[in-house]
Amino acid sequence: MQLDGRVAVVTGAASGIGRAMSERFVAEGMSVVMADIDDERLTAVAEELTAAGGTVRAVHCDVSDPDQVAALRDEAVEAFGTVHLLCNNAGVGSATPNHRTKPGVWQWVVGVNVLGPAYGVSAFAPLMIEQGEGHIVNTASEAGLTPSPVLGPYHAAKYAVVGLSESLALELEGTGVGVSCLCPELVETLIFESGRSAPPELGIPAPAPVDLRQIEQWMNTVAMDPADVAADVAYAVKANRFWIITHQVTQERLKARNADLEAGRKPRLPAGR
C-alpha cells in the first residue's frame with residue numbers, strides 16, 4: 001500500500017513509537033489522526049507536526065473504552081473521509097510477579113494492551129474491508145514471543161496481541177486489507193514509566209526515571225531509536241509484511257523457545273538475560 005495521500009490513525013501517539021510513527025507517516029505525505037490519553041503531550045506533538053507542515057488531528061482516546069475507539073473512527077472519517085492505516089500502538093506495562101498482581105492492574109494492562117487493539121479492529125476493519133483497501137498494525141512485543149519473569153501481565157497481554165494479529169491476518173486474506181504484527185525489543189520509549197497513566201485507584205506509585213543503560217545491561221541489548229522502528233513499520237505496510245521484528249536477538253531467542261517447545265522442556269530465561 002502506498003502511503004502518500006492516505007490517512008493513518010495512530011494510538012499511543014503522544015510519545016515513543018507512536019509519536020515516531022506519526023512523524024514518519026507525515027513525512028510520507030499522510031494525514032494522521034493522533035490518539036492518546038495524555039492530552040498535554042499529545043497537543044504539543046500535534047502542534048509541532050502541524051507547524052512543520054503536516055496534516056494532523058489530535059484526539060483524546062482511552063483505547064480500553066470501545067465507545068471512545070468508535071468515536072475516534074468517526075472523527076477520523078469526518079475529518080478526512082476514510083482511514084487507510086490503523087496502528088493499534090497504545091500500550092502499558094506493570095513489572096510485578098504474577099501472584100502479586102492486583103486484579104485492577106490485570107484489568108488495566110489487558111484493557112489497554114489487548115482490548116485496545118481488539119476494539120480498534122472492530123471499529124476500523126469493517127470500514128477497510130468495505131473499501132477494499134487498508135492495513136492494520138498491532139504493536140505486540142518480543143514479550144509476546146519469548147518469556148521472562150516479573151512481567152507476567154505484560155507477557156500475557158502481548159502474547160494475546162500476537163494471536164489476535166495472526167488470526168486477523170488469516171481472516172482478512174483476500175480482502176485487500178493487510179495486517180502487520182510489530183514485535184520490538186528494547187526501544188527508547190516511556191513504557192517503563194507507563195504507571196503515570198494508570199487509574200489512581202490502582203495505587204501504582206509515580207514512576208522513577210528509568211536508566212536505559214541499566215536495562216540495556218540486564219537485557220544484553222541496545223535500545224533502538226523509535227524513528228528506526230517507525231521506518232520498519234512504514235516499509236512493512238508498503239510491502240505488506242506481517243512480522244516486524246526489530247532486533248536480530250529476538251529471532252535467536254524465538255528459535256531457542258521453539259526448540260524447548262519441540263523437546264518438551266519447561267521455559268527457560270532467554271539467552272543474554
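1. Let's start with helix α1, residues 16–27. Its twelve residues stretch 17 Å from the first C-alpha to the last, which is close to the 16 Å expected at 1.5 Å a residue. Keep in mind as you read on that this is a predicted model.

2. Which residues of α1 are buried? The list is Gly16, Ile17, Gly18, Ala20, Met21, Ser22, Phe25 and Val26. A handy bit of background for reading such a list: an α-helix has 3.6 residues a turn, so residues three or four places apart point the same way. Just after the helix comes Gly29, and its phi is positive, near 95°.

3. Now zoom out for a moment. The protein chain holds eight helices and seven strands. Of its 273 residues, 47% count as buried. Take the contacts between residues at least 6 apart in sequence: 71% of them join residues at least 24 apart.

4. Back to α1, this time with a partner. Two packed helices are described by the angle between their axes and the distance between the axes. For α1 and helix α2 (residues 39–51), the axes come within 11 Å and cross at roughly 15°. Angles under 35 degrees count as roughly parallel, so α1 is roughly parallel to α2. The crossing of this pair is right-handed.

5. Who meets whom here? From α1 come Arg19, Ser22, Glu23 and Val26, and from α2 come Val45, Glu48 and Leu49. Sorted by type, the residues of this contact give three nonpolar, one polar and three charged. Two of the α1 residues in the contact, Ser22 and Val26, also appear among the buried residues of that helix.

6. A second helix pair is worth a look: α4 (residues 103–131) and α5 (residues 152–171). Their axes come within 9 Å and cross at roughly 15°. That angle makes α4 roughly parallel to α5, and α4 passes α5 in a right-handed crossing.

7. On the α4 side, the contact uses Trp106, Val109, Asn113, Val114, Pro117, Ala118 and Val121. On the α5 side you'll find Gly152, Pro153, Tyr154, Ala156, Ala157, Lys158, Ala160, Val161, Leu164 and Leu168. How do these residues divide by type? There are 14 nonpolar, two polar and one charged.

8. Next, Asn138, which sits in strand β5 (residues 134–139). Is Asn138 buried or exposed? With a relative accessible area of 0%, Asn138 is buried. Apart from neighbours within four places in sequence, its contacts are Asn88, Pro117, Val161, Leu164, Ser165, Leu168, Ser180, Cys181 and Leu182. Spot the overlap: Pro117, Val161, Leu164 and Leu168 touch Asn138, and they also take part in the contact between α4 and α5.

9. Ser148 lies in the loop between β5 and α5. Buried means under 20% relative accessible area, so at 13% Ser148 counts as buried. Ser148 and Arg268 are 120 residues apart in sequence, yet their C-alpha atoms are 8.1 Å apart in space.

10. Last stop, Asn240. You'll find Asn240 in the loop between α7 (226–239) and β7 (243–245). Asn240 is not a glycine, but it has a positive phi of about 55°. If we skip residues up to four places away in sequence, Asn240 touches His135, Gly178 and Val179. Along the chain, Asn240 and His135 are 105 residues apart, while 8.1 Å separates their C-alpha atoms.

Terms used:
Residues numbered from 1 in each chain as written. Predicted model: local features only at pLDDT ≥ 70, side-chain atom pairs only at ≥ 80, totals over all residues. Heavy atoms only, no water. Helix = DSSP H or I, 4+ residues; strand = E, 2+ residues; numbered from the N terminus. Expected span 1.5 Å × (residues − 1). Buried < 20%, exposed > 50% of the residue type's maximum accessible area, 1.4 Å probe, protein only. Axes fitted to C-alpha atoms, helices over the stretch in contact; angles between N-to-C directions. Parallel < 35°, antiparallel > 145°, perpendicular 65-115°, else oblique. Left-handed = near helix turned anticlockwise from the far one by under 90°. Contact = heavy atoms within 4.5 Å. Nonpolar A, V, L, I, M, F, W, Y, C, P; charged D, E, K, R; others polar.
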